[in-house]
Amino acid sequence: MEYEEIPETLPEVFDWGNGTGLIGVDDPAVVDAAFERDEHHVGVAVIGLALNHPDPDVILPRVARALRATNPELQRQGTVASHTSHDCTARSTRSA
């Protein structure tokens, strides 16, 4: 079985229809715009931001917005993003 080599940097192609690529979001403006458009998969983008952005002061307002949502799935994803952000921040401060 042959495997394709994964490029070092993946293209920023976000498919809001099915959520593909959103876990790679690192730009808070992308998340803000998705909230404004009421995108179905905005929670995945919030998790992606928590995984990929180094600044909790940038991440946490978007997490809070997800937690305040009326959609239970978005609230759940906000909870995941909150824990992800905390874990990533804790690891980076320990390694510094």
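R68 sits in the loop between helix 3 and helix 4. This is a predicted model, and in it R68 counts as exposed because its relative accessibility is 62%. Ten residues further along the chain comes G78, and the C-alpha atoms of R68 and G78 are separated by 8.7 Å.

**The overall layout**

Stepping back from that loop, the chain has four helices and zero strands. Read along the sequence, that gives the pattern α-α-α-α. There are 96 residues in the chain, and 32% of them count as buried. If you take the contacts with a separation of 6 or more, 46% come from residues 24 or more positions apart.

**How helix 1 packs**

Helix 1 (residues 28-37) packs against helix 2 (residues 42-52) and also against helix 3, so it's worth putting the two pairings next to each other.

| Pair | Angle | Axes apart | Crossing |
|---|---|---|---|
| Helix 1 and helix 2 | about 160° | 10 Å | left-handed |
| Helix 1 and helix 3 | about 20° | 10 Å | left-handed |

Start with helix 2. Helix 1 and helix 2 pack at an angle of about 160°, which means that helix 1 is roughly antiparallel to helix 2. On the helix 1 side, the contact is made by P28, V31, A34 and F35; helix 2 brings V42, A45, V46 and L49. What kinds of residues make up this contact of helix 1 with helix 2? They divide into eight nonpolar, no polar and no charged.

Now helix 3. Here the angle with helix 1 is about 20°, so helix 1 runs roughly parallel to helix 3. Helix 1 puts in P28, V31, D32, F35 and E36, and they meet V58, R62, R65 and A66 of helix 3. This contact of helix 1 with helix 3 divides into five nonpolar, no polar and four charged residues.

V31 turns up in the contact with helix 2 and in the contact with helix 3. Leaving out residues up to four places away in sequence, V31 touches V25, V42, A45, V46, L49 and R62.

**The nonpolar core**

In soluble globular proteins, nonpolar side chains tend to be buried together. Here, the largest nonpolar core has 19 residues, and those with the most contacts inside it are V31, F35, V42, V46, L74 and A81. Which elements give two or more residues to this core? They are helix 1, helix 2, helix 3 (56-67) and helix 4 (72-95). Helix 2 gives the most, with seven residues.

Helix 2 is also mostly covered, with nine of its eleven residues buried. The buried ones are V42, G43, V44, A45, V46, I47, G48, L49 and A50. Of these, V42 and V46 are also on the list of residues with the most contacts inside the core.

**The loop between helix 1 and helix 2**

Two residues of this loop are worth a look, D38 and H41. Is each one buried or exposed? D38 counts as exposed because its relative accessibility is 66%. D38 also has a positive phi of about 60°, although it is not a glycine.

H41 goes the other way: its relative accessibility is 17%, so H41 counts as buried, the cut-off being under 20%. Setting aside residues up to four places away in sequence, H41 touches W16, G17, N18, G19 and L22.

**The segment before helix 1**

G21 lies in the segment before helix 1. G21 counts as partly exposed because its relative accessible area is 33%, which falls between the buried limit of 20% and the exposed limit of 50%. Not counting residues up to four places away in sequence, G21 touches V13 and F14. The C-alpha atoms of G21 and A45 are separated by 8.7 Å, with the two residues 24 apart along the chain. A45 is among the buried residues of helix 2 and takes part in the contact of helix 2 with helix 1.

Definitions and conventions. Residues are numbered from 1 along each chain as its sequence is written. This is a predicted model: local features need pLDDT of at least 70, side-chain atom pairs count only at pLDDT 80 or more; totals for chains, interfaces and linings use all residues. Side-chain values use heavy atoms; hydrogens and water are left out. Axes are lines fitted to C-alpha atoms, for helices over the stretch in contact, and angles run from 0 to 180 degrees between N-to-C directions. Angles under 35 degrees count as roughly parallel, over 145 as roughly antiparallel, 65 to 115 as roughly perpendicular and the rest as oblique. A crossing is left-handed if the near helix is turned anticlockwise from the far one by less than a right angle, and right-handed if clockwise. Contact means heavy atoms within 4.5 Å. Ala, Val, Leu, Ile, Met, Phe, Trp, Tyr, Cys and Pro count as nonpolar, Asp, Glu, Lys and Arg as charged, and the others, Gly among them, as polar. A nonpolar core is a set of buried Ala, Val, Leu, Ile, Met, Phe, Trp, Tyr and Cys residues joined through side-chain atoms within 4.5 Å. Buried means under 20% relative accessible area, exposed over 50%, partly exposed in between (1.4 Å probe, protein chains only).
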